[in-house]
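User: I am new to this structure. Please take a close look at one part of it, and then set that part in its surroundings.

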Amino acid sequence: MRESITRAFSGPYGILPTPFLPDGRVDLAQVEELAGTLCQTDLSGLVVCGSTSEFVLLTPEENKAIMTAAARAVAGRKPLICGATAPDARTAKEYLAHMAGLGAAGALTAPPYYFPYGGEEVLAFYRELDRENFGVKIVAYQIPAFSSPIPLGKMEELLALPHVAGLKNSSADIKQIMHQLQLRDQSGREDFAVLTGTDDALVPCLCGGCDGSFTALAAVFPQTVCQLYRAAAQGDLAEARRCQAKLLPIALLADRLPFPVGYKLLAQAAGNFTTCYRQSLGPAASGEMGQLLGQMRELIEELGLR
């Protein structure tokens, strides 16, 4: 189903949610425990300080502490990807320097957020990180819901940057992903990975040629996601779709709450995560959480998600 070329990043990576203690501090002990547990699964690797990890609600020091805790737990057993998304290149490079010292395999880096940027400014940002990457491979991060987009017209220029070794597309735009795959294949960049960030579309993305995924549900249900990948690799589309079908209703429940609260609640429902919440929630969402938690637990049991 997928070509046999080995990319810089491939297969399913799980994004760790960030646990908070009742006093609001990051629960670093639980970060280590989660990372250690996921190292015992068939996941290809782990991601910390991504969008699901709520990096934007953390100080730079907290993000670095999470990277350090995860690296200590992983201890080289699996590739560790650390988020290096920031409102400016200076902070992004601070993250790159820190994760380089930890031996991180890659840096997941969206264009600077909050202020809107055009295509030329976005490429200038990645060029700067390509020059000063501290030996860490960069995975560009297409997430237009939260940062400026990486225009399709700039894809060839992105592919020309030697230290940018991948692109994670979380837009859920399959049409765009197919064009990005086509441009990658035409470029001759055999090391460059195209990845999806959308759990709901793993099967169509893998069938279309994506090399892997960085997603939230892979960290919550690693067995199911890895089973989907094995089926896809073996050309068993029916089994891959069966696994995908198990993920769809649980993702819909998670999406009823503001992102990424629903996915953290889902991790709680699966029984491998405890947390308080730093994100501001209105009375409607707060009141719905208890009911949703019960529904999630029932659905996880019914579907046999693991």
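Analyst: A network of salt bridges joins four residues, namely R7, R184, D185 and D211. The model in which this network is found is a predicted one. In total, the structure holds 17 salt bridges.

Several other salt bridges can be followed residue by residue, and K93 is a suitable place to start. The side chain of K93 meets that of E128 in a salt bridge, with 2.6 Å from N to O. This pair links distant parts of the chain, since E128 belongs to helix 4 and K93 to helix 3, with their positions 35 residues apart in the chain. The two partners differ in their exposure: K93 is buried because its relative accessible area is 13%, below the limit of 20%, whereas E128, at 25%, is partly exposed. K93 also meets E132 in a salt bridge, at 3.2 Å from N to O. Here too distant parts of the chain are linked: E132 is in the loop between helix 4 and strand 5, K93 is in helix 3, and the two are 39 residues apart. E132 counts as partly exposed because its relative accessible area is 37%. K93 therefore takes part in a salt bridge while being classed as buried at 13% relative accessible area.

Helix 4 carries a further partner, R127. The side chains of E157 and R127 meet in a salt bridge, at 2.8 Å from N to O. E157 lies in helix 5 (residues 155–159) and R127 in helix 4, so that this pair also links distant parts of the chain, 30 residues apart. Both of these residues are partly exposed: E157 has a relative accessible area of 30%, and R127 stands at 29%.

The stretch that leads into helix 4 has another character. Three residues, Y114, F115 and Y117, form a nonpolar patch on the surface, and together they have about 390 Å² of accessible area. F115 is found in the loop that runs from strand 4 (106–109) to helix 4 (119–131), and Y114 lies in the loop between strand 4 and helix 4 as well. F115 is exposed because its relative accessibility is 53%, which is over the limit of 50%. Y114 is exposed too, with 69%. The backbone of Y114 is also of note, for its phi is positive, about 80°, although the residue is not a glycine. Most residues other than glycine have a negative phi.

A second positive phi occurs at E54, where the angle is near 60°. E54 is found in the loop between strand 2 (45–48) and helix 2 (60–74). Its setting is opposite to that of Y114: E54 counts as buried at 3% relative accessibility, while Y114 is exposed at 69%. Elsewhere, the peptide bond from F259 to P260 is cis, with omega near -5°. P260 is found in the loop between helix 10 (237–254) and helix 11 (261–269).

The strands named so far belong to a wider arrangement. Eight strands form a closed barrel in the order 1-2-3-4-5-6-7-8, with parallel pairing. From one strand to the next the twist averages 25°. Strand 3 (residues 80–83) pairs with strand 4 in the parallel sense over three bridges, and C82 has A107 of strand 4 as its bridge partner.

Further along the barrel, strand 5 (residues 137–142) and strand 6 are parallel partners over five bridges, with Q142 bridged to N169 in strand 6. Strand 6 (residues 164–169) is largely enclosed by the rest of the structure, because six of its six residues are buried. Strand 6 is also paired, again in the parallel sense, with strand 7 (residues 193–196) over four bridges. Within this pairing K168 stands opposite L195 of strand 7. The connection from strand 6 to strand 7 passes through helix 6 (residues 174–187), and this β-α-β crossover is right-handed.

How values were computed
Residues numbered from 1 in each chain as written. Predicted model: local features only at pLDDT ≥ 70, side-chain atom pairs only at ≥ 80, totals over all residues. Heavy atoms only, no water. Patch = residues over 30% accessible without salt bridge, like charges linked within 9 Å, V, L, I, M, F, W, Y side chains within 5 Å. Areas by Shrake-Rupley, 256 points an atom, 1.4 Å probe, with all protein chains shown as cover. Buried < 20%, exposed > 50% of the residue type's maximum accessible area, 1.4 Å probe, protein only. Pairing = 2+ DSSP bridges. Axes fitted to C-alpha atoms, helices over the stretch in contact; angles between N-to-C directions. Right-handed = clockwise from strand over helix to strand, strands pointing away.
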